[in-house]
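Here are my comments on the model you sent, set out as numbered points. I begin with backbone geometry and then turn to the interior.

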Amino acid sequence: MIRRVAAMSPVLALVALFCASLVLWKLPHESLAVHGPLPVVVIDPGHGGPDPGAIAGPTGPYEKNINLAIALTLSTFLQSNRIQTYLTRTTDQAVSPAPYHSTRDLHWRAALSRHWHAAIFVSIHTNAEPTAKALGPIVYYRAGSRSSYALAQQVASSLAPLAGRLVPPRPIRQLVLQETGVPAINVEVGFITHPLDQSRLVNSAYQIQLARAINQGITRYLALDPQEHHA
């Protein structure tokens, strides 16, 4: 779920990034060990650890678990296409060190993307809204970035068959997307608050379908003219 948070002060942001540079090697990640230059896709499963994200009810399901399951499957699909992947988390944990702070966690995710020299950044989230009427995936892209919009178009087009319609990508000024410095999107895979979406999102077969569709959009984008791949 998209969570707009106030940005840290410049001093705190610098301190956070300095700390990140000291311990990045300790953080979990996954990559494809092959030789030669490959496009690097950083996959960011939203939330994690003390932050469950959106919750459908008192006992769940939790957004953080859905995000992670889809992200791990997406990584496998991309690697099968010889695309190098890194994940900001591979288990149920925060990305930044304790004590947890949502803004600092977002800074860390963006810092990891820069550290791994990402070609593109793909954040995976699950949506929520109070009326329980909205459903289906929505792709957000880094506002003001032509290449982010191009990436979002490809992913939205690939998700259209699952949604039953094409949902145009939407621009957003989201801290983690803005700080990556590369084409960046946030794929909201569905609404955990809608009964139909919720039943699908916790189904492993549907999670695989979502991951496959996102993979198709990413690979199509990377097949475009390399000149298109700029922030």
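1. R82 counts as partly exposed, at 47% relative accessibility, and its place in this predicted model is the loop between α2 and β2. The backbone deserves a look here, since phi of R82 is near 60°, a positive value in a residue other than glycine. Most residues other than glycine have a negative phi, and most peptide bonds are trans.

2. A132 belongs beside R82 in your reading, for A132 has a positive phi of about 60° although it is not a glycine. The loop that holds A132 runs between β3 and β4, and with a relative accessibility of 30% A132 counts as partly exposed.

3. Two peptide bonds should be inspected together with these phi values. A cis peptide bond, with omega of about 5°, joins G60 and P61, and P61 lies in the loop between β1 and α2. A cis peptide bond also joins A98 and P99, where omega is about 0°; P99 is found in the loop between β2 and α3.

4. The aromatic side chains come next, and the structure holds two aromatic pairs. Y86 and W116 form a stacked pair, with 4.6 Å from centre to centre and 10° between the planes. What does this pair tie together? Y86 lies in strand β2 (residues 84-87), whereas W116 lies in the loop between α3 (102-115) and β3 (120-127), so the pair ties together parts that are 30 residues apart in sequence. Y86 counts as buried at 13% relative accessibility, and W116 is buried as well, with a relative accessible area of 9%.

5. The other aromatic pair consists of Y141 and Y149 and is tilted, with 5.1 Å between the centres and 55° between the planes. Are Y141 and Y149 buried or partly exposed? Y141 is buried, because its relative accessible area of 12% falls under the 20% limit used for that class. Y149, at 34% relative accessibility, counts as partly exposed.

6. Turning to the nonpolar interior, the largest nonpolar core has 35 residues, and those with the most contacts inside it are V41, I124, V155, I185, V187, I214 and I218. The elements that give two or more residues to this core are β1 (40-45), α2 (63-80), β3, β4, α4, β6 (184-191) and α7 (204-222). Of these, α7 gives the most, with eight residues. A second, separate core of 21 residues includes L112, L177, V182 and A184.

7. V155 is a useful residue from which to view the largest core, being among those with the most contacts inside it. When residues up to four places away in sequence are not counted, V155 touches V139, I185, V187, I214, G217 and I218.

8. T73, which is found in helix α2, offers a view of a long-range approach in the chain. T73 and L210 are 137 residues apart in sequence and 9.2 Å apart in space, C-alpha to C-alpha. Leaving aside neighbours within four places in sequence, T73 is in contact with I208 and A211. At 22% relative accessibility, T73 counts as partly exposed, because the buried class is reserved for values under 20%.

9. Finally, the packing leaves some enclosed space to examine, as the structure holds two cavities of 30 Å³ or more. Rolling a probe the size of a water molecule over the atoms shows where empty space is left. The second largest cavity has a volume of about 50 Å³, and its lining is formed by P137, I138, V139, A156, L159, A160, A163, R165, L166 and V167.

10. Which elements each supply at least two residues of that lining? They are β4 (138-142) and α4 (146-163), and α4 gives the most to the lining of the second largest cavity, with four residues. By class, this lining has nine nonpolar, no polar and one charged residues. When you view the second largest cavity, please display R165 along with the other lining residues.

Note on methods. Residues are numbered from 1 along each chain as its sequence is written. This is a predicted model: local features need pLDDT of at least 70, side-chain atom pairs count only at pLDDT 80 or more; totals for chains, interfaces and linings use all residues. Side-chain values use heavy atoms; hydrogens and water are left out. On a 1 Å grid over the protein atoms alone, a cavity is a set of points where a 1.4 Å probe fits but cannot get out, and a pocket is an open set with protein on both sides within 12 Å along at least five of seven lines; lining residues have an atom within 4 Å of a point. Grid points are joined across faces, edges and corners, and a volume is the space filled by probe spheres set on the points. Ala, Val, Leu, Ile, Met, Phe, Trp, Tyr, Cys and Pro count as nonpolar, Asp, Glu, Lys and Arg as charged, and the others, Gly among them, as polar. Rings of Phe, Tyr and Trp (its six-membered ring) pair if their centres lie within 6.5 Å; planes under 30 degrees apart count as stacked, over 60 as edge-to-face and the rest as tilted. Buried means under 20% relative accessible area, exposed over 50%, partly exposed in between (1.4 Å probe, protein chains only). A nonpolar core is a set of buried Ala, Val, Leu, Ile, Met, Phe, Trp, Tyr and Cys residues joined through side-chain atoms within 4.5 Å. Contact means heavy atoms within 4.5 Å.
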